[in-house]
Amino acid sequence: MKLLEHKIISEGLVLSDQVLKVDSFLNHMVDPELMLAVGQAFAERFAGSRVDKVLTLESSGIAPAIMTALTLKVPLLFARKHKSLTLKDDIYVETVYSFTKQQHNEVTISRKFLSPGENVLIIDDFLAHGEAAFGMARIVESAGASIAGIGIVIEKSFQSGAGRLREAGYRVESLARIASLTDGRVTFVSE
Ligand code: 5GP
């Protein structure tokens, strides 16, 4: 997605050869027009699949996911990273290792919002090693629902997540694919 690539080049900050900061349009301040275009791009890519619900992880996944859900006219559900006071029996819980925070988080979703037989489209802002996406996928599958696909705004293709998810049989659609962040420069995967 050229618009997104231009934005990454003009506003992204390469923090290391592993981490890109995009807090001016995705991770802190949000560009709503770009997010709408992102949502429309995901809706187009998954147009041939049945999607009953969009699922993401709070908080940075919410902006792209809400625009995807709006375009597809389905609800958005976000997994929570904070421990809920709700009874354990009412929630699905998965432990997910956070790439940026380098800690394990308990991710929870209320059982009442995922039903067997539903087709769920997972959306996230970044894909590094796939921990967040696999965690969400495990919850969807434990609810007896299916995964329509995984939509990623920025895939770092040099890390293991994209390969691991595709090997596990999931359809992964990424709008920007980064081949490397070495020498402070963003290089995209050439199509
Ligand atoms: P994964 O779970 O695939 O290892 O990492 C993806 C998650 O970590 C995303 O939800 C995102 O919040 C965060 N993340 C991974 N890499 C980056 C990065 O380079 N920049 C930012 N801002 N977040 C990242």
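Helices of at least four residues and strands of at least two are DSSP runs, numbered from the N terminus. The exercises below use that numbering on a predicted model.

**Exercise 1. Describe the shell of residues around the ligand, by element and by class.**

Solution. Begin with the count: 16 residues surround the ligand, and the closest are Leu20, His129, Gly130, Ala132 and Lys156. A residue enters this count if one of its heavy atoms lies within 4 Å of the ligand. Next, locate the site, where the space taken by the ligand turns out to be the largest pocket. The elements that give two or more residues to the shell are strand 7 (119-127) and helix 4 (131-142), and of these strand 7 supplies the largest share, 4 residues. Finally, sort the shell by class, which gives 7 nonpolar, 5 polar and 4 charged residues.

**Exercise 2. Find backbone atoms that lie close to oxygen atoms of the ligand, and state how much of the ligand the protein covers.**

Solution. Take the residues in sequence order. For histidine 129, a backbone N or O atom is 2.8 Å from an oxygen atom of the ligand. For glutamate 131, the corresponding distance from a backbone N or O atom to a ligand oxygen is 3.1 Å. For alanine 132, a polar backbone atom lies 2.8 Å from an oxygen atom of the ligand. Turning from single contacts to the ligand as a whole, the protein covers 89% of the 500 Å² of accessible area that the ligand has on its own.

**Exercise 3. Work out the order of the open sheet, and explain which strands stand at its edges.**

Solution. The open sheet has 6 strands in the order 4-3-7-8-9-10, and its pairing is mixed. Reading the two ends of that order, strand 4 (76-79) and strand 10 (187-188) are the edge strands; each has a single partner strand, so one side of each is left without a neighbour in the sheet. Within the sheet, strand 3 (residues 53-57) pairs with strand 7 in the parallel sense over 3 bridges, and lysine 53 stands opposite valine 120 in strand 7.

**Exercise 4. Characterise the hairpin formed by strand 5 and strand 6.**

Solution. Strand 5 (residues 91-98) and strand 6 (residues 103-110) run antiparallel and are joined by 8 bridges. As an example of the pairing, glutamate 94 has valine 107 in strand 6 as its bridge partner. The hairpin has 4 residues between its strands, and glutamine 102 in the turn has a positive phi of about 50°.

**Exercise 5. Locate a cis peptide bond and a residue with a positive phi in the loops.**

Solution. Most residues other than glycine have a negative phi, and most peptide bonds are trans. Against that background, the peptide bond from glutamate 58 to serine 59 is cis, with omega near -5°, and serine 59 is found in the loop between strand 3 and helix 3 (62-72). Lysine 73, although not a glycine, has a positive phi of about 60°; lysine 73 is placed in the loop between helix 3 and strand 4.

Methods:
Residues are numbered from 1 along each chain as its sequence is written. This is a predicted model: local features need pLDDT of at least 70, side-chain atom pairs count only at pLDDT 80 or more; totals for chains, interfaces and linings use all residues. Side-chain values use heavy atoms; hydrogens and water are left out. A polar contact is a pair of N or O atoms within 3.5 Å; within protein, one must be able to donate a hydrogen and the other to accept it, and residues adjacent in sequence count only if both atoms are side-chain atoms. Accessible areas come from the Shrake-Rupley method with a 1.4 Å probe; for residues, only the protein chains shown count as cover. On a 1 Å grid over the protein atoms alone, a cavity is a set of points where a 1.4 Å probe fits but cannot get out, and a pocket is an open set with protein on both sides within 12 Å along at least five of seven lines; lining residues have an atom within 4 Å of a point. A molecule sits in a cavity or pocket if more than half of its atoms lie within 2 Å of its grid points. Ala, Val, Leu, Ile, Met, Phe, Trp, Tyr, Cys and Pro count as nonpolar, Asp, Glu, Lys and Arg as charged, and the others, Gly among them, as polar. Two strands pair if DSSP finds at least two bridges between them.
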